[in-house]
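The following exercises concern cysteine pairing and helix packing in a predicted model. Please work through each task before reading its solution.

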Amino acid sequence: MMPVLCRPAVAVPEHVLTMEETLELANRMHSRHTELPLVLRLIRNTGVRKRHFIRPVAETLEHDGFEARTRVYAEQAKRRLPDVVGRALDNSGLTAEDVSLIVYVSCTGFTMPSMTAWLINTMGFRPDTRQLPIAQLGCAAGGAAINRAHDFCTAYPDSNALVVACEFCSLCYQPEDTGIGSLLSNGLFGDAVAAAVVRGDDAGAEGCAGMRLERNASYLVPDTEDWISYAVKATGFHFRLDKRVPGTMEMLAPAVRDLVDDHRWDASALDFYIVHAGGPRILDDLSKYLDVPPEMFRHSRTTLTEYGNIASAVVLDALDRLFEEDSQQHSARGMIAGFGPGITAEMVVGTWAALADSRSASS
């Protein structure tokens, strides 16, 4: 037995912005921008059909200050987290009292104490529940959260861990930023909340369908720490995206392959792939460098199309879509990988525990 990653729960907010509306806004707000045709083409090429925001678009576009945005972040997190966390616990067959660690990841808002403290006080988690908030790994944090939960449940096999990703990317909109990378991000990112439980192998992992977590790894591409970054100013977080970022899979794919090789598997012949969809080229290049059919990244691509880049929540949403498809046989081999600032990759490989073989599970 190994720790098992159970089915995630995911929620997106109610306010929707379509691709057509995004392009219209860019045309109207930046009509005199010398690179507007390029920006519009880049936004179209993302393949994002719609995105979901925590506030109406008109409010999202008004910058009411870093203090106000931080307050909105905390209010919206407290409003939306309980339902998602509750459903993730239900999917695992556990209660809050069964959880020994909460890994909370978010790069779009900051509170101290962490939202983990609020969850413990509000949702019935034990006072001795360990807290691991992660704020600076960006989109890679979804993979990192799973890996830290895996590490914990390996060290303490009679324990369970809860992973929570809370990303309100719309709170990072900066109207005065008109660089191409910033304008592209305005058409790419969306908001979402997701959560999942990792059950330890001595804590009844056989009672949860999902992915058995067997080996994980991290990799940082040297001298790329300024390729994806925040400039922190009085107005908040200003997203910075280097034009070289779309090509990073050429540097990260060997690290992915090394992890799979270390597990004595073939990276080109796995049964499922759940990867962070930062943009369509990420998926296209990973398909090329791993020699994998593009169809194998269909769940990640659907997340990008339906929700945009939802940062650390991408891998959990794509994994939920794999559950929904219900196509994996017992012991199918697969991987999860998140990519983000650093440039960092957080990766894990494992096998599928199908419903028929896990004795009991919740959908």
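**Exercise 1.** Determine which cysteines the disulfide joins, and which parts of the chain are thereby tied together.

*Solution.* Step one is to apply the cut-off: a disulfide requires two cysteine sulfur atoms within 2.5 Å. Cys6 and Cys208 satisfy this, with an S to S distance of 1.8 Å, and the structure holds one disulfide. Step two is to locate the partners. Cys6 lies in the loop between strands S1 (4-5) and S2 (9-11), and Cys208 in the loop between strands S8 (191-199) and S9 (210-220), so the bond ties together parts that are 202 residues apart in sequence. Step three concerns accessibility: both Cys6 and Cys208 are buried.

**Exercise 2.** Explain why Cys107 and Cys166 are not bonded to their closest cysteines.

*Solution.* For Cys107, the closest cysteine sulfur belongs to Cys139 and is 5.9 Å away, too far for a bond. For Cys166, the closest is that of Cys169, at 10.0 Å, which is again too far. Cys107 counts as buried at 12% relative accessibility, and Cys166 is buried at 0%.

**Exercise 3.** Describe how helix H10 packs against helix H11.

*Solution.* Two quantities are needed, the angle between the axes and the distance between them. The axes of H10 (residues 298-307) and H11 (residues 314-325) come within 8 Å and cross at roughly 115°. The crossing is right-handed. Contact residues include Arg298, His299 and Tyr307 of H10, and Val314, Arg321 and Leu322 of H11. By class, the contact has four nonpolar, four polar and five charged residues.

Technical notes:
Residues are numbered from 1 along each chain as its sequence is written. This is a predicted model: local features need pLDDT of at least 70, side-chain atom pairs count only at pLDDT 80 or more; totals for chains, interfaces and linings use all residues. Side-chain values use heavy atoms; hydrogens and water are left out. Helices (H or I, at least four residues) and strands (E, at least two) are DSSP runs, numbered from the N terminus. Buried means under 20% relative accessible area, exposed over 50%, partly exposed in between (1.4 Å probe, protein chains only). Axes are lines fitted to C-alpha atoms, for helices over the stretch in contact, and angles run from 0 to 180 degrees between N-to-C directions. A crossing is left-handed if the near helix is turned anticlockwise from the far one by less than a right angle, and right-handed if clockwise. Contact means heavy atoms within 4.5 Å. Ala, Val, Leu, Ile, Met, Phe, Trp, Tyr, Cys and Pro count as nonpolar, Asp, Glu, Lys and Arg as charged, and the others, Gly among them, as polar.
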